[in-house]
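Biologist: Could you walk me through a few features of this model? I'd like to learn how to read them.

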Amino acid sequence: MHDRGEAARALAGMAEALRLVEGRSPAELRRRALALLREGLALPWGRCLALDASGRWLAEDADQARLACDDFRHPYAHAIRRGEPLSLALGEARSRLDHEAFQASIAGLAHDWRLVVRPLRARDGRREWLGVLALAGPAERLEALAERDDYRAFEALLCHLWAWLARQHDERRDQARLRDSLAELNDGARRRTLSERLGREILGASPAIRALRDQLARVAETHLAVLLQGETGTGKELVARGIHGVSPRAEGPFMAINCAAIPESLLEAELFGHVRGAFSGAERSREGLLGQADGGTLFLDEIGDMPLALQAKLLRVLESGRYRPLGGNEERRVDLRLVAATHQPLHRRIREGAFRADLYYRLGQFPLTLPALRERREDIPALAEAFIADFCRREGRGDIGLGRAALRVLAARDFPGNVRELRNLIDYACAMTPEGEDIQPEALPPEAAGGGAEDLPAGEEQAPRRPGPEEVVDLRRALRDYEATLIQQRLARYDGNRTLAAESLGLPKRTLAHKCRQLQLDSP
């Protein structure tokens with residue numbers, strides 16, 4: 001009978017051990033252990049605190065208050081530092097120990113109970129400290145606790161499982177850190193590769209342009225809408241093509257349109273397309289740029305000039321991925337990345353009621369400001385050399401060099417027209433320079449060679465050169481030439497936007513358009 005009773009208790013113990021083994025984390029194991037002690041040994045109160053990786057703090061769970069192991073005002077610090085069990089009456093603990101958190105934890109316990117604190121450590125060769133087990137209850141239940149075979153087996157199993165789970169957790173954490181590190185290295189290498197590819201088109205080695213290429217490499221990996229801002233002539237379409245070229249959409253189409261260059265009545269049809277008979281002259285259906293850009297990138301230049309009614313329709317496309325051609329009855333789906341650009345301050349346009357705030361925030365998921373050329377002057381030599389090579393290739397000319405004196409003149413210029421202005425100056429100078437020779441200052445246009453542009457405020461064009469009184473032989477012709485030059489420069493400053501050019505000259509838009517026709521100017 002005695003052997004049968006021992007066997008029954010052993011089998012019951014196996015069931016209790018299984019409850020511990022099923023714990024999936026150190027924290028869950030500690031909770032199961034306390035539950036077994038309360039049920040199996042009728043111990044009414046217990047806490048199990050884990051030692052953190054630094055060996056300085058004890059806590060029940062990661063999100064709970066910690067107890068410092070060097071603060072001997074609470075008994076857990078004594079036990080873990082001495083490495084020996086500690087036993088004291090609760091009445092004594094209340095009078096001797098003034099640790100606020102400890103006193104709060106035992107506030108509801110009986111005065112005549114006893115507190116036992118047992119430090120726990122791994123039982124194998126590594127023997128690392130794990131934490132402490134604190135138990136409170138009637139003295140007769142706790143005094144012989146350490147002498148009971150079932151408790152010793154329980155504590156050994158608890159320490160064994162705790163150490164194993166903690167090491168497993170540490171290994172998983174280390175593996176996760178390693179994976180994250182490798183992923184970060186791979187991401188960094190991939191972005192460096194993308195940045196190097198962008199450097200073949202977006203030239204320069206200045207800090208400003210390197211930072212821009214790094215940002216482009218990051219946004220190219222996403223599907224976010226991009227808003228390019230910056231002065232006219234900074235290369236917004238080039239940047240948009242660069243984003244497309246290194247993105248997962250590179251094999252798809254790249255479609256571009258200048259919203260300021262298309263009349264309002266035609267812009268909607270250009271973007272959304274139309275069905276046959278949608279309006280007078282629509283003899284056949286035509287797919288718009290939205291449909292043509294499906295699977296690729298749509299670049300909307302001068303988005304600030306888009307009519308308000310069309311802005312609302314564009315916002316719906318961005319939010320739903322659906323659009324309806326003019327005159328159509330069925331909606332179509334489209335998957336594209338939108339890159340928008342403007343040189344206008346859109347915040348001001350919003351205040352003026354000319355641009356929708358909700359569209360602005362939807363477009364600006366990844367805003368980028370392109371640096372002006374005066375902010376990256378160290379890139380002028382590389383850009384000039386690239387433009388010279390491009391001119392010679394286009395025109396079938398032999399090699400042309402760039403003299404140091406001409407380079408000094410270029411480096412001193414403010415370039416209100418930015419990279420576009422530099423390209424135009426180089427094209428002019430190349431046309432004025434014989435093959436096999438270097439560009440000299442005399443080959444540059446007068447406003448570049450004259451040396452006065454660098455004194456102008458940023459963003460203002462140099463005034464056209466006026467002939468002296470002794471040079472004028474035809475007053476009407478001189479006034480006409482001066483007026484034509486001034487209008488051309490103002491149009492170049494605003495990237496062909498007649499509305500802005502007219503406002504800057506104090507003219508109605510219609511008057512400026514009439515003068516452009518009268519003076520036979522080529523600018524749109």
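Modeller: Let's start at a helix end in this predicted model. N497 caps the N-terminal end of helix 20, with a side-chain oxygen 3.0 Å from the backbone nitrogen of T499.

Biologist: And what follows helix 20?

Modeller: That's G506, and its phi is positive, near 70°.

Biologist: Which residues of helix 20 are buried?

Modeller: Helix 20 covers residues 498-505, and L500, A501 and A502 are buried there.

Biologist: Now the interior. How many residues does the largest nonpolar core have?

Modeller: To read a core, look for buried nonpolar residues joined through side-chain atoms within 4.5 Å. Here the largest one has 29 residues, and L271, L298, L300, I303 and M306 have the most contacts inside it. Elements giving two or more residues include strand 8 (254-258), helix 10 (264-272) and strand 14 (337-342). Helix 12 gives the most, with 5 residues.

Biologist: What does I303 touch, leaving out residues up to four places away in sequence?

Modeller: Its list is L227, C259, L314, A340, A341, T342, L346, F355 and L363. Apart from that core lies another, of 27 residues, with F154, C159, W162 and A163 among them.

Biologist: T342 turned up in that list. Is T342 buried or exposed?

Modeller: Buried means under 20% relative accessible area. T342 is at 0%, so it counts as buried. T342 is found in strand 14, and a polar atom of its side chain lies 2.9 Å from the backbone nitrogen of Q344. Beyond four places in sequence, T342 touches L228, Q229, G230, K236, E302, I303 and G304.

Key
Residues are numbered from 1 along each chain as its sequence is written. This is a predicted model: local features need pLDDT of at least 70, side-chain atom pairs count only at pLDDT 80 or more; totals for chains, interfaces and linings use all residues. Side-chain values use heavy atoms; hydrogens and water are left out. Buried means under 20% relative accessible area, exposed over 50%, partly exposed in between (1.4 Å probe, protein chains only). Helices (H or I, at least four residues) and strands (E, at least two) are DSSP runs, numbered from the N terminus. Contact means heavy atoms within 4.5 Å. A polar contact is a pair of N or O atoms within 3.5 Å; within protein, one must be able to donate a hydrogen and the other to accept it, and residues adjacent in sequence count only if both atoms are side-chain atoms.
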